[in-house]
Amino acid sequence: MTWRLRLHGVGNASAVELGSAMATLERDGEPWLTVDCGGEGLTAFLAHYGRMPEALFVTHNHLDHIGGFERLFVDHYFDEARRGKVRLYVPAPIVPLLHQRVADYPNVLAEGGVNFWDAFQLIPVSGHFWHRGLRMEVFATRHHWPDSSFGLRLRGSAIWTGDTRPIPEMLAKYADAGELIAHDCALEGNPSHSGIEDLEREYPRALLERCLLYHYGSREEGDALAARGYRVGRPGEVVDLADPTAAQAPFD
């Protein structure tokens, strides 16, 4: 069994040419679980797979990470075979805000009679959830406001931090099995995002060597991070992953 991480986009909200930060965990070349649903990222997903995602995890509710939801709704609602079957794993604290930002609109169809969530299977999650027989872990990150952004772990294989400041205490717990760590990082940090000097100050060298940096501001910025000796994610890049050591459902 082969596991990979496909980067649909690696940019911040202003770096349209890099695509919105979004990725898919692949198993044997097929999309297994997608992280976030930005507009440019969804376009890249469609261009590669030729179909919409069928299972997503949402890290937080800034529009560069959820701006593709209206397209996702239209595609799945009007396909009776897929309507209500798209799994959306959403950390419970951010469900109300996700509803306000993408679903709380009078008459999602002009004709009425339709709820936004009719197109999806919404699954609120907390510390972990089960997806296709494997236990996924969820942890809080530091982005903008407490309990507003969350990361994802497939134990032994990959970590996706989502947007965050440095989180050494979380990674000490959730990145202790050799995982690749896809981490928010730009040249300069700010109150909501990590800069490379923030990571160098907060993380040991061994952890930095496992990081794949994304959510930077331009191709030139990515090149500058790479010139400092770091692994930098690029749009469309596919990264080989170790086989997961996550717990398996006994009945799967």
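The legends below accompany an overall view and several close-up views of a predicted model.

**View 1. Overall view of the predicted protein, which contains eight helices and 14 strands.** The radius of gyration of the protein is 17 Å, close to the 18 Å that the globule rule gives for 252 residues, so the protein is as compact as a globular protein of that length. The C-alpha trace spans about 55 × 45 × 35 Å along its principal axes, and 52% of the 252 residues count as buried. About 11,200 Å² of the protein is exposed, with carbon and sulfur atoms supplying 49% of that area. When contacts between residues at least 6 apart in sequence are considered, 58% of them join residues at least 24 apart.

**View 2. The open sheet of seven strands, with the order β6-β5-β4-β3-β2-β1-β14 and mixed pairing.** The edges are held by β6 (120–125) and β14 (238–241), each of which has a single partner strand, so that one side of each is left without a neighbour in the sheet. From one strand to the next, the twist averages 25 degrees. Strands of a sheet pair through backbone hydrogen bonds, in either a parallel or an antiparallel arrangement.

**View 3. Close-up of the antiparallel pairing between strand β1 (residues 3–9) and strand β2 (residues 22–27).** Six bridges join the two strands, and within this pairing G9 is found opposite M22 of β2.

**View 4. Close-up of β5 (86–91) and β6, with helix α3 (residues 69–77) lying across them and across β4 (55–57).** The strands β5 and β6 are paired in the parallel sense over six bridges, with P91 standing opposite V125 in β6. Together with helix α4 (residues 95–103), β5 and β6 make a β-α-β unit that is right-handed. Helix α3, for its part, runs at about 135 degrees to β6.

**View 5. Close-up of strand β12 (residues 211–214), both faces of which are covered.** C211 and L213 lie on one side of the strand, L212 and Y214 lie on the other, and all four of these residues are buried. Strand β11 (residues 180–184) runs parallel to β12 and is joined to β12 by four bridges; in this pairing A182 stands opposite L212. Strand β13 (residues 231–232) likewise runs parallel to β12, to which two bridges join it, and V232 of β13 is the bridge partner of L213. The connection from β12 to β13 involves helix α8 (residues 219–227), and the three elements make a right-handed β-α-β unit.

**View 6. Close-up of L207, a residue of helix α7 (residues 205–208).** The relative accessibility of L207 is 10%, and L207 therefore counts as buried, the cut-off for that class being under 20%. Once neighbours within four places in sequence are left aside, L207 is in contact with L171 and I181. L207 and A172 are 35 residues apart along the chain, and their C-alpha atoms are separated by 9.2 Å.

Terms used:
Residues are numbered from 1 along each chain as its sequence is written. This is a predicted model: local features need pLDDT of at least 70, side-chain atom pairs count only at pLDDT 80 or more; totals for chains, interfaces and linings use all residues. Side-chain values use heavy atoms; hydrogens and water are left out. Buried means under 20% relative accessible area, exposed over 50%, partly exposed in between (1.4 Å probe, protein chains only). Two strands pair if DSSP finds at least two bridges between them. A crossover is right-handed if, with the strands pointing away from the viewer, the path from the first strand over the helix to the second runs clockwise. Axes are lines fitted to C-alpha atoms, for helices over the stretch in contact, and angles run from 0 to 180 degrees between N-to-C directions. Contact means heavy atoms within 4.5 Å. The radius of gyration is taken over C-alpha atoms; the globule rule is 2.2 Å times the number of residues to the power 0.38. Accessible areas come from the Shrake-Rupley method with a 1.4 Å probe; for residues, only the protein chains shown count as cover.
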